[in-house]
Every structure is written in structure tokens, then in C-alpha cells.
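User: Please take a close look at one part of this model and explain it in terms suited to a first-year student. I should like to know which residues form the nonpolar patch on its surface.

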Amino acid sequence: MEKIRAVIVLPSLWCCEEANLRSFAQSVLRFLGFIFWGTAAVQMFGGVSVILMLKNYSYLFQEYYVSLPGWLALATALILLPTGLLAVSISVKCSRNQQGTFMYLLVLLLCLEMSSAVLAYSYSVKTASQLESAMGYLVHQHNWTCSQDPGNSPVDVIQRKLQCCGVHSYTDWLKASSSLYHPACVPESCCKEKHSHCTGDLAHVDQLSDKGCLKKLEDQLCFAMLYIFWCCPVLSILELLAAISNGFLLRHQPFRELRILDSQTF
């Protein structure tokens with residue numbers, strides 16, 4: 001009798017454990033579904049930031065492909081929305097078609113994220129080295145005079161927007177002068193915002209921005225690119241958890257349509 005009871009009890013315990021694991025996997029998928037919607041907003045923010053930054057400074061970034069990591073991040077954000085919806089749907093009612101589509105989207109997301117991460121890292125290193133020469137060219141090509149004209153050249157726009165002056169400092173404007181004597185001023189765009197009456201006069205150096213534009217541009221570029229780069233490992237871990245949970249549920253959803261491949265039919 002004891003052996004019979006053991007035979008009956010063990011399968012029931014196993015079934016109870018399987019049910020608990022199944023319920024846990026469904027809860028994980030439901031939670032990850034909402035997380036995917038949140039990470040879609042995070043990815044979209046990163047992609048839009050990169051695209052807008054490169055568009056605002058298009059005269060410094062001539063290569064069109066530099067914005068590719070941003071577009072890949074946007075594509076990832078758009079695919080994360082249906083992926084999250086499928087995760088929530090599968091957690092409520094398992095469907096073999098939905099589960100298969102979900103796994104396909106996870107693989108697609110992983111490919112997009114790895115591509116955007118590799119491109120973001122390589123472009124952040126490559127483009128940072130090109131910024132100094134591009135910014136230096138704009139400074140040397142800029143013709144300015146000691147006047148009240150605020151100037152609307154690309155370098156003036158950059159200096160006003162970033163509150164910076166020159167490539168490394170205001171002394172770059174002295175080196176860029178084509179005259180034999182150093183000018184008595186720098187472009188008015190070098191002035192700090194709080195000094196409304198500043199004209200770029202070197203007699204009032206304290207009214208000029210004390211930081212160069214190169215450092216600020218590099219910081220913006222690195223932040224935007226590394227933001228996309230570090231999103232990849234975080235999302236990959238979440239997608240791995242989703243794939244494991246979905247795989248566990250798939251184990252209890254056999255593809256009966258494929259029984260035609262059973263050896264007994266041949």
C-alpha cells in the first residue's frame with residue numbers, strides 16, 4: 001500500500017511543481033511585456049537624440065551613415081512595442097503561433113541591438129577624432145570683425161548653442177587671424193549669455209566662454225552613442241529571460257501539425 005501511495009503522490013507533486021513553474025513563467029512574461037514597452041521609450045529617446053544631434057551639427061558630420069545607430073535604435077523601439085504586447089498576450093493565453101512569432105521578434109531584436117551597439121561604439125571613437133579637424137576648419141574659414149554683428153555662420157551657431165569659444169579656448173581665434181597683428185576681439189558668439197552687452201572685446205576676457213567647443217561636442221557625441229551602446233546588454237538580458245520563459249511554455253505546447261514527420265508515417 002505504501003508503494004502504491006508513493007507512486008500516486010510523486011506524479012501529483014510533479015504536476016503541482018510543473019503548474020507552479022508554468023505560472024511563474026507566465027508571470028515573468030507578463031512583467032517583461034510591460035518592461036519592453038518602457039524600454040521602447042528609452043530606445044526611442046536615444047535614437048531621436050542621436051539623429052537630432054547629428055542633424056543640428058550636420059556641417060561637422062558629413063558622413064550620412066553616422067546616424068545609422070540612431071535609426072537602428074528607433075527600429076528596435078518600434079519592434080519592442082508588438083513584442084511587449086505578445087509577451088502579455090502569451091502570459092494570459094498560450095498560442096503556438098504567437099509564441100513562435102515572439103521568439104522570431106526576440107532574435108530580430110537581438111540582431112538590431114548588437115548592430116546598433118557595435119556601430120555606436122565604433123562611430124563614437126572614429127567621429128571624435130574627426131571633430132577637431134572639422135571644428136578647426138570652421139574656425140579658420142570664419143571671417144569676423146570687431147562689430148556689433150552677432151554672426152550667423154555655423155561656428156557662431158555652435159558657440160551660442162553650447163556656450164563655448166574656439167576649438168579649445170578663445171585663443172584659437174587669435175591663431176586663426178590672417179592679419180599680422182592679433183585682433184582686439186573674438187566673435188560675439190563667444191560671449192556668455194549673462195553678459196548682454198558683451199561684444200567679444202579681449203579687454204573683458206571674463207565675459208567670454210572659458211571652454212572650447214571640441215570638448216563639449218565630444219561629450220555630447222559620447223553620451224548619445226554610449227547611451228545606445230549600454231542599452232544593448234540590458235535589453236539582451238531581458239530578452240534572454242523572455243526567451244527562456246517562452247521556451248518553457250512552448251514545451252507544453254507541442255506542434256501537433258508536425259506529427260506528419262513521425263517515423264511511423266514513412
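Analyst: The following account begins with the whole chain and then turns to the patch and to one buried residue.

The model is a predicted one. The chain contains six helices and zero strands, so that its elements, read from the N terminus, run α-α-α-α-α-α. Of its 266 residues, 41% are buried. Among contacts in the chain with a separation of 6 or more, 75% join residues that are 24 or more positions apart. The chain exposes about 15600 Å², and carbon and sulfur atoms supply 66% of this area.

The nonpolar surface patch covers about 720 Å² and is made by F34, W37, M44, V48, L52, L78, L81 and L85. Helices α1, residues 2-56, and α2 each supply at least two of the patch residues. The greatest share comes from α1, which gives five residues. One of the patch members, M44, is found in helix α1. M44 counts as partly exposed because its relative accessible area is 34%, a value between the limits of 20% and 50%.

Helix α2 spans residues 68-92 and also holds T83. In contrast to M44, which is partly exposed, T83 is buried, because its relative accessible area is 0% and the limit for a buried residue is under 20%. Apart from its neighbours within four places in sequence, T83 is in contact with F36, F102, L105, L106 and L109. Helix α2 therefore supplies residues to the nonpolar surface patch and also contains a residue, T83, that is buried.

Technical notes. Residues numbered from 1 in each chain as written. Predicted model: local features only at pLDDT ≥ 70, side-chain atom pairs only at ≥ 80, totals over all residues. Heavy atoms only, no water. Helix = DSSP H or I, 4+ residues; strand = E, 2+ residues; numbered from the N terminus. Buried < 20%, exposed > 50% of the residue type's maximum accessible area, 1.4 Å probe, protein only. Contact = heavy atoms within 4.5 Å. Patch = residues over 30% accessible without salt bridge, like charges linked within 9 Å, V, L, I, M, F, W, Y side chains within 5 Å. Areas by Shrake-Rupley, 256 points an atom, 1.4 Å probe, with all protein chains shown as cover. Salt bridge = Lys/Arg side-chain N within 4 Å of Asp/Glu carboxyl O.
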